[in-house]
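Work through the exercises below with the sequence and the coordinates open. Try each task before reading its solution.

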Amino acid sequence: MVDMSQAILDSLTDQVALIDHKGTILFVNKAWIRFSDENFQGVCSNYIGLNYLHVCQENVKAGIVSVLEGKCSIYTFEYPCHSQKHLRWFLLRVTPLVVEGEELCGAVISHINITDRKLAELSLTRKEEHYRLITEHSTDFISLHTRDGRFTFASPICKNILGYEVEELLDHSIYIFLHPEDQAKLQGFLKVAQFQTEIQTITYRIYRKDGSYVWFETKLKCLFTTEYQRDEFIFISRDITEQKNKMLELQAETKALKQKIYTDELTGVYNRRLLNLIVEKHIQEFHLHHQPFSLLMLDIDYFKQFNDTYGHVAGDRCLRRVAMSIKNDLGHQDFIFRVGGEEFCVLLPNTTEQEAAVIANHIRQTVESLNIPHTLSQVSPYITVSLGIYTVMQHEQQLTIGALLERADRALYKAKENGRNQTRSYS
């Protein structure tokens, strides 16, 4: 008989679970497991023993508890559960679980798909009183719009979310309520969405009546209204301001962390870790498109003597000034990295050897023009740099980061060997 009962429950298309008087799940049917697997990617493979009340919002939990305590014979709750592709509504129904007609020992939980009824009600008539029956208890803001964005219907919850009365929205374009940066975004989105058959999702900012704004996540679909021989959009919008702000904070923290990971703490330019990543990327692009790129390896001349003369605090200040002057001298596609104590590397994408030589000499002159005194330098009364150039040409085949840096370093060694305060190419 138990097997027969289970077979009956498994044959139902509604999702059914049995819970005890504490809310612990005793049984779920196959429809329950199938729905969870399809929509939550198998987050939980075994539901038996979990407490259903722990995942319920407070008002639903209170309704279920009232059934478990015998205070009411049935509890129902309608709610939206829209997927990425479909609008869906469900009815939660909770009834007492009685064994042999005597003892209340739990409850039967069922989730019934009522989407067809909801959509039928939506398409039955455009009269406001019918929409009110559907939307007055929804926590989502439901609205209808013409193709140019005018409100033709707004659910009453707009007062709670945005501060506007329904009448203040009707016949007005949604664009006048949007954050200026999001107006073109939604406008372009709707132009594409009118040709889509699936639900589309977009996030944007919309102003409240008090001047603040909230982030909306809107699921929308183009509806075809035969009564008026034209189409319009249905918007189902949810306030995601808290989640969005947390995400923006996380993005800012991630950006700051990346900045810390890939930036030299002393000079503020990029470090050796990022150099390896970016050069590897350019090597891969070179193999695909054969675009030349150049590396400049540069070193501050007689920097040890500078530290010995002026001290390490002045040395650190000198490193920062040199690094910033080079960084400000480069193009927006170029990169400078600190790779050692007083040694830096510059990456010049899409740059030939001749072009790199011009840039290298300009850098050398820029650093010397800083007029940072260096009395023990053997080439100038001011701080200078020597530079080595290596350019990856089209005939190159076998490339590694180590080989490129070694060749640029050899060119730098030639510049130092020949007197410093000059540039030399590997070739």
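**Exercise 1.** Is Lys-209 buried, partly exposed or exposed?

*Solution.* Keep in mind that the model is predicted. Start with the number: the relative accessibility of Lys-209 is 48%. Next, apply the cut-offs: buried is under 20%, exposed is over 50%, and partly exposed lies in between. Lys-209 therefore counts as partly exposed.

**Exercise 2.** Find the salt-bridge partner of Lys-209 and place both residues in the fold.

*Solution.* Step one is the partner. Lys-209 pairs with Glu-168, and their closest N and O atoms are 2.8 Å apart. The cut-off is 4 Å, so the pair qualifies. Step two is location. Glu-168 sits in helix 7 (residues 166-169). Lys-209 sits in the loop between strand 8 (200-207) and strand 9 (213-225). The bridge therefore ties together parts that are 41 residues apart in sequence. Step three is exposure. Glu-168 has 28% relative accessibility, so it counts as partly exposed.

**Exercise 3.** Describe the salt bridges within helix 9 and helix 14 that join Lys-246 to Glu-242 and Glu-406 to Arg-410.

*Solution.* Take helix 9 (residues 241-262) to begin with. Lys-246 and Glu-242 form a salt bridge at 3.5 Å, N to O. They are 4 residues apart, about one turn of the helix. Lys-246 is exposed at 51%. Glu-242 is exposed too, at 54%.

Now go to helix 14 (residues 401-417). Glu-406 and Arg-410 meet at 2.9 Å, N to O. Their spacing is 4 residues, again about one turn of the helix. Glu-406 is at 42% relative accessibility, which makes it partly exposed. Arg-410 is partly exposed as well, with 43%.

Elsewhere, Asp-148, Arg-150 and Asp-171 are joined into one network by salt bridges that share partners. How many salt bridges does the whole structure hold? The search finds 15.

**Exercise 4.** Count the disulfides, then classify Cys-222 and Cys-345 by burial.

*Solution.* The test needs two cysteine sulfur atoms within 2.5 Å. The count comes to 0 disulfides. Next, burial. Cys-222 has a relative accessible area of 6%, so it is buried. Cys-345 is at 0%, and is therefore buried.

**Exercise 5.** Characterise the packing of helix 12 against helix 13.

*Solution.* Two quantities are needed: the angle between the axes and the distance between them. The axes of helix 12 (residues 312-329) and helix 13 (residues 353-368) come within 10 Å. They cross at roughly 135°. Over 145 degrees would count as roughly antiparallel, and 65 to 115 as roughly perpendicular. The angle fits neither class, so helix 12 is oblique to helix 13. The crossing is right-handed. Finally, list the contact residues. Helix 12 contributes Val-322, Ser-325, Ile-326 and Asp-329. Helix 13 contributes His-362, Ile-363, Thr-366 and Val-367.

**Exercise 6.** Locate His-282, classify its exposure and list its contacts beyond four places in sequence.

*Solution.* Location: His-282 lies in helix 10 (residues 272-289). Exposure: the relative accessibility is 13%, so His-282 counts as buried. Contacts: leaving out residues up to four places away in sequence, His-282 touches Phe-293, Leu-347 and Pro-349.

Note on methods
Residues are numbered from 1 along each chain as its sequence is written. This is a predicted model: local features need pLDDT of at least 70, side-chain atom pairs count only at pLDDT 80 or more; totals for chains, interfaces and linings use all residues. Side-chain values use heavy atoms; hydrogens and water are left out. A salt bridge is a side-chain nitrogen of Lys or Arg within 4 Å of a carboxyl oxygen of Asp or Glu. Helices (H or I, at least four residues) and strands (E, at least two) are DSSP runs, numbered from the N terminus. Buried means under 20% relative accessible area, exposed over 50%, partly exposed in between (1.4 Å probe, protein chains only). Axes are lines fitted to C-alpha atoms, for helices over the stretch in contact, and angles run from 0 to 180 degrees between N-to-C directions. Angles under 35 degrees count as roughly parallel, over 145 as roughly antiparallel, 65 to 115 as roughly perpendicular and the rest as oblique. A crossing is left-handed if the near helix is turned anticlockwise from the far one by less than a right angle, and right-handed if clockwise. Contact means heavy atoms within 4.5 Å.
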